[in-house]
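Colleague: Please take a close look at the aromatic ring pairs for me. Then show me the parts around them. Keep it brisk.

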Amino acid sequence: MPLALPQSYHNSKTKAAGLLLLSLLFVSGGALIVWKGDTEDHWIGGLLMAFFIVGVVVFARQFLDQAPRLTLTATGMTDRSLKLGEIPWRDIEGAYLRSVYLRSVRGSEFICLQLRNTDDYLARLSPMMRRLLGTNTALGFTPISLNLTGLKADTNEILAIVLAQSGR
């Protein structure tokens, strides 16, 4: 039985802290290569530092973020990472779970939303975000899918709430 609404779900602090630490280690490794390495290796160290500094910023923000990433209310759902605002339950025709597994990485879970008016929601986004979400279809997802990676939540619980509230 789905939980009572509203429900809020936050980023996992443990996962964000672990990824932040890992990124800091790679930045340090890059700095060490630049400082101690041969001149021809400096570009490798610089590349490592540049790439993982982005990770440091992203994971530090996730770690410090106090606001819920996903909120389910009596009227609809809001996923801050999608930047769409609230999606009313009446606009959701259905939803299903899809997982992606990479060789060395634990599976990432997504809830694929089947919306009545997907194009209306896509029109709210910047052209860059529309292109990013356009890759969802190429990967076998719906254009608007909830990425639950890094979220401190039970995927099946969220899916049950979405299906119950949307009446499907």
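Modeller: I start with the rules, then take the rings, and then move outward to the core and the sheet.

This is a predicted model, where local features need pLDDT of at least 70, side-chain atom pairs count only at pLDDT 80 or more, and totals for chains, interfaces and linings use all residues. Residues are numbered from 1 along each chain as its sequence is written, and side-chain values use heavy atoms, with hydrogens and water left out.

First, the frame. The protein has five helices and seven strands. Helices (H or I, at least four residues) and strands (E, at least two) are DSSP runs, numbered from the N terminus. From the N terminus on, the order is β-α-α-β-β-β-β-β-α-α-β-α. The C-alpha trace spans about 65 × 30 × 30 Å along its principal axes. Of the 168 residues, 33% count as buried. Buried means under 20% relative accessible area, exposed means over 50%, and partly exposed lies in between (1.4 Å probe, protein chains only).

Now the rings. A pair of aromatic rings is described by the distance of the centres and the angle of the planes. Rings of Phe, Tyr and Trp (its six-membered ring) pair if their centres lie within 6.5 Å; planes under 30 degrees apart count as stacked, over 60 as edge-to-face, and the rest as tilted. By this rule there are three aromatic pairs. One of them, Phe 26 with Phe 52, is stacked, at 4.4 Å centre to centre and 15° between the planes. This pair links distant parts of the chain. Phe 26 sits in helix H1 (residues 13-36), Phe 52 in helix H2 (residues 42-64), and 26 residues separate them. Phe 26 has a relative accessible area of 36%, so it is partly exposed. Phe 52 has 18%, so it is buried.

Phe 110 and Phe 141 also pair. Their centres are 4.7 Å apart and their planes stand at 55°, so this pair is tilted. It too bridges distant parts of the chain: Phe 110 is in strand E6 (residues 105-115), while Phe 141 is in the loop between helix H4 (127-138) and strand E7 (145-147), 31 residues away. Both Phe 110 and Phe 141 are buried.

Ring pairs also join Phe 26, Phe 51 and Phe 52 into a cluster.

Two lysines lie over ring faces. Lys 13 is over the face of Phe 63, 5.7 Å from the ring centre. Lys 36 is over the face of Trp 35, at 4.6 Å. The rule for this: NZ of Lys or CZ of Arg is within 6 Å of the ring centre and within 35 degrees of the ring normal.

Helix H1 also holds Gly 18. At 40% relative accessibility, Gly 18 is partly exposed. Gly 18 and Ala 74 are 56 residues apart in sequence and 34 Å apart in space, C-alpha to C-alpha.

Next, the core. The largest nonpolar core has 26 residues. A nonpolar core is a set of buried Ala, Val, Leu, Ile, Met, Phe, Trp, Tyr and Cys residues joined through side-chain atoms within 4.5 Å. Those with the most contacts inside it are Leu 70, Met 77, Ile 87, Leu 113, Ile 144 and Ile 158. Strand E2 (70-72), strand E5 (92-102), E6, helix H3 (118-123), H4 and helix H5 (155-166) each supply at least two of its residues. H5 gives the most, with four.

Take Met 77. Leaving aside residues up to four places away in sequence, Met 77 touches several partners, among them Leu 70, Ile 87, Trp 89, Leu 113, Leu 146 and Val 162. Contact here means heavy atoms within 4.5 Å. Among contacts in the protein between residues at least 6 apart in sequence, 64% join residues at least 24 apart.

Finally, the sheet. An open sheet of four strands has the order E1-E2-E3-E4, with antiparallel pairing. Strand E1 (7-9) and strand E4 (86-88) stand at the edges, each with a single partner strand, so one side of each has no neighbour in the sheet. Two strands pair if DSSP finds at least two bridges between them. Three bridges join E1 to E2, and Tyr 9 has Leu 70 as its bridge partner in E2. H5 lies across E1, E2 and strand E3 (76-79), at about 140° to E1. Such axes are lines fitted to C-alpha atoms, for helices over the stretch in contact, and angles run from 0 to 180 degrees between N-to-C directions.
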